[in-house]
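Please find below a short note for your reading of this structure. The points are numbered and may be taken in order.

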Amino acid sequence: MDVLRSLKHEDDNPRGQGRSLYIDGQTLEEAQEAEERRKAINAEKISLTKQEQGILKLVQAKNYFQRLGLPEPRWDARGEPIWECGDRVLSRVYNDLKKCCHPEWSYHPRRKQGFQLLTEALDTLSNKDGKREAYVRNFVREAREKERLLKDLQRGLLEEEVPTAAANPAAEADELRKQMADKTKRMLQQSRARAKATERAAQKAAASLPAAPSKYRKPESTPSLLNDDDQEPGVQRESAVRDAKGKKKRRVGVF
């Protein structure tokens, strides 16, 4: 029995010496549980790109609520903060975010920074460090101050614009009608000027054109070789005709 007991607690891996009897625990059962946990984690690990996105979200968040992706608190009519988030919701959010920065889940170079930001927000909002109420009240006070300043700014801009428009509505309407009439008049004048310019350009172009060539002119009456008295009707005779180039040619016809 002593031999079996010593074999049961024997460490076959020398790296385990000095820490524990086994690499992942003092007993075989603990080592087996650790190995199963490691396999489960490896099966659910996310890609390096998603780890980068999760850590970037934690770094760029402006407050703890944005880090965990939770709704920001509001306030009632008396200014008291309103924010409720159960431990179940916080646990689910933590389980989703730890995959990008937890040392057991992530292999990103900035996992340590991301995990520190995650644990800081979780400890405060879960009231693990006792600072949740103070943090929520401080957040609500700053949010109310920002909202008040924004309303004052909008009200000031409206007060600068509205009095000039509402001081004299009748004068404003008359001024608008006058502007429309002037605009219409200018448009008519421009249209007439363009029409006159187009007409002058057409006349100038027509005047600059050369005279029509002689072949397009109407031919003159053809002279006859015989006088009208000497010609007999029904007799075939020749007549001299000049063409467009001024050359003479003979034409035979019945006169």
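Is Leu150 buried, partly exposed or exposed, and what is its relative accessible area?

1. The model is a predicted one. Leu150 is partly exposed, because its relative accessible area of 47% lies between the limits of 20% and 50% that bound this class.

2. Leu150 belongs to helix H7. Together with Leu153 and Leu157, Leu150 makes a nonpolar surface patch of about 290 Å².

3. A second patch on the surface is negative and is formed by Glu29, Glu30, Glu33 and Glu36. One of these residues, Glu29, lies in helix H2, which covers residues 28-44. Glu29 has a relative accessible area of 47% and is therefore partly exposed.

4. Helix H6 deserves a check of its length. With 15 residues at 1.5 Å a residue, H6 should span 21 Å, and its end C-alpha atoms are indeed 21 Å apart, so the two values agree. The expected value is obtained by multiplying 1.5 Å by one less than the number of residues. The buried residues of H6 are Gly114, Leu117, Leu118, Ala121, Leu122, Thr124 and Leu125.

5. Just after H6, the backbone at Asn127 takes a positive phi of about 65 degrees, although Asn127 is not a glycine. Most residues other than glycine have a negative phi. Asn127 sits in the loop between helix H6 (111-125) and helix H7 (132-166). With a relative accessibility of 35%, Asn127 counts as partly exposed.

How values were computed
Residues numbered from 1 in each chain as written. Predicted model: local features only at pLDDT ≥ 70, side-chain atom pairs only at ≥ 80, totals over all residues. Heavy atoms only, no water. Patch = residues over 30% accessible without salt bridge, like charges linked within 9 Å, V, L, I, M, F, W, Y side chains within 5 Å. Areas by Shrake-Rupley, 256 points an atom, 1.4 Å probe, with all protein chains shown as cover. Salt bridge = Lys/Arg side-chain N within 4 Å of Asp/Glu carboxyl O. Lys, Arg positive; Asp, Glu negative; His and termini not counted. Charge placed at Lys NZ, Arg CZ, Asp CG, Glu CD. Helix = DSSP H or I, 4+ residues; strand = E, 2+ residues; numbered from the N terminus. Buried < 20%, exposed > 50% of the residue type's maximum accessible area, 1.4 Å probe, protein only.
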